[in-house]
Amino acid sequence: MTKQRETILEVIRSDKCHHTAEEIYILSKECLPGISRATVYNNLKVLEGLKLIRRITGDGLSDR
């Protein structure tokens with residue numbers, strides 16, 4: 001597991017809120033200033049594929 005992926009997973013697990021990808025990017029950037037949006041989005045897809053996280057969708061709302 002990469003440092004970026006660990007950080008993203010830690011951000012997700014550290015809060016009881018269901019954050020959007022953009023919010024996860026902003027929070028991850030506090031720990032890893034060099035992380036890019038693409039890295040966050042790509043790692044969210046990987047984590048979802050590994051069944052470590054689930055995507056929550058809603059009508060007209062951003063995925064969480």
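# Getting to know this predicted model

Q: Is His19 buried or exposed?
A: This is a predicted model, and that holds for every value that follows. His19 has a relative accessible area of 15%. A residue counts as buried under 20%, so with its 15% the answer for His19 is buried.

Q: Where is the place of His19?
A: Start with helix α1, which covers residues 3-13. The next helix to look for is α2, at 21-31. His19 therefore sits after the one and before the other, and its place is the loop between α1 and α2.

Q: With the side chain of which residue does His19 make a polar contact at 3.1 Å?
A: Two polar contacts of the His19 side chain are worth a look here. At 3.3 Å, the partner is the side chain of Glu23. At 3.1 Å, the partner is the side chain of Asp15.

Q: Leaving aside its neighbours within four places in sequence, which residues is His19 in contact with?
A: Asp15 and Glu23, the two polar partners, are each four places from His19 in number, so they are set aside here. Beyond those neighbours, the residues in contact with His19 are Ile24, Leu27 and Arg64.

Q: How many degrees is the angle at which helix α1 and helix α3 pack?
A: Find α1 at residues 3-13 and α3 at residues 37-49. Their axes are 10 Å apart. The two helices are roughly perpendicular to each other, a word used for angles of 65 to 115 degrees, and the angle here is about 75°.

Q: Which residues in α3 do Gln4, Arg5, Ile8, Leu9 and Ile12 in α1 meet?
A: The residues of this contact divide into 7 nonpolar, 3 polar and 1 charged. On the α1 side are Gln4, Arg5, Ile8, Leu9 and Ile12. On the α3 side, they meet Thr39, Val40, Asn43, Leu44, Val46 and Leu47.

Q: Which residues in α1 are buried?
A: What covers the buried residues of α1 includes α2 and α3. Thr7 is an example, since its relative accessibility is 7% and so it counts as buried. The buried residues in α1 are Thr7, Ile8, Leu9 and Val11.

Q: Leaving aside its neighbours within four places in sequence, which residues is Thr7 in contact with?
A: Thr7 lies in helix α1. With its sequence neighbours set aside, the residues in contact with Thr7 are Ser28, Cys31 and Leu32.

Q: Leaving aside its neighbours within four places in sequence, which residues is Leu44 in contact with?
A: Leu44 is found in helix α3. With a relative accessible area of 14%, Leu44 is buried. Its contacts away from its sequence neighbours are Ile8, Ile12, Ala21, Ile24 and Ile53.

Q: With which residue does Glu22 form a salt bridge?
A: Side chains of opposite charge can pair when their charged atoms come close. In this pair, the closest N and O atoms are 2.8 Å apart, and the two residues, one in helix α2 and one in helix α3, are 15 residues apart. Glu22 is partly exposed, at 26% relative accessibility, and its partner is Arg37.

Q: How many residues apart in sequence are the parts that Arg64 and Glu23 tie together?
A: Arg64 forms a salt bridge with Glu23, with the closest N and O atoms 3.6 Å apart. Arg64 lies in the segment after α3 and Glu23 in helix α2, so the parts they tie together are 41 residues apart.

Q: Which residues are joined into one network by salt bridges that share partners?
A: By the rule used here, the model has 4 salt bridges. One of them is between the side chains of Arg55 and Glu48, at 3.2 Å from N to O. Arg55 is partly exposed at 43%, as is Glu48 at 28%. The network joins Glu48, Arg55 and Asp63.

Q: What is the phi of Lys51?
A: Lys51 lies in the segment after α3 and is exposed, with a relative accessible area of 73%. Most residues other than glycine have a negative phi. Lys51 is not a glycine, yet its phi is positive, at about 65°.

Conventions. Residues are numbered from 1 along each chain as its sequence is written. This is a predicted model: local features need pLDDT of at least 70, side-chain atom pairs count only at pLDDT 80 or more; totals for chains, interfaces and linings use all residues. Side-chain values use heavy atoms; hydrogens and water are left out. Axes are lines fitted to C-alpha atoms, for helices over the stretch in contact, and angles run from 0 to 180 degrees between N-to-C directions. Helices (H or I, at least four residues) and strands (E, at least two) are DSSP runs, numbered from the N terminus. Angles under 35 degrees count as roughly parallel, over 145 as roughly antiparallel, 65 to 115 as roughly perpendicular and the rest as oblique. Contact means heavy atoms within 4.5 Å. Ala, Val, Leu, Ile, Met, Phe, Trp, Tyr, Cys and Pro count as nonpolar, Asp, Glu, Lys and Arg as charged, and the others, Gly among them, as polar. Buried means under 20% relative accessible area, exposed over 50%, partly exposed in between (1.4 Å probe, protein chains only). A polar contact is a pair of N or O atoms within 3.5 Å; within protein, one must be able to donate a hydrogen and the other to accept it, and residues adjacent in sequence count only if both atoms are side-chain atoms.
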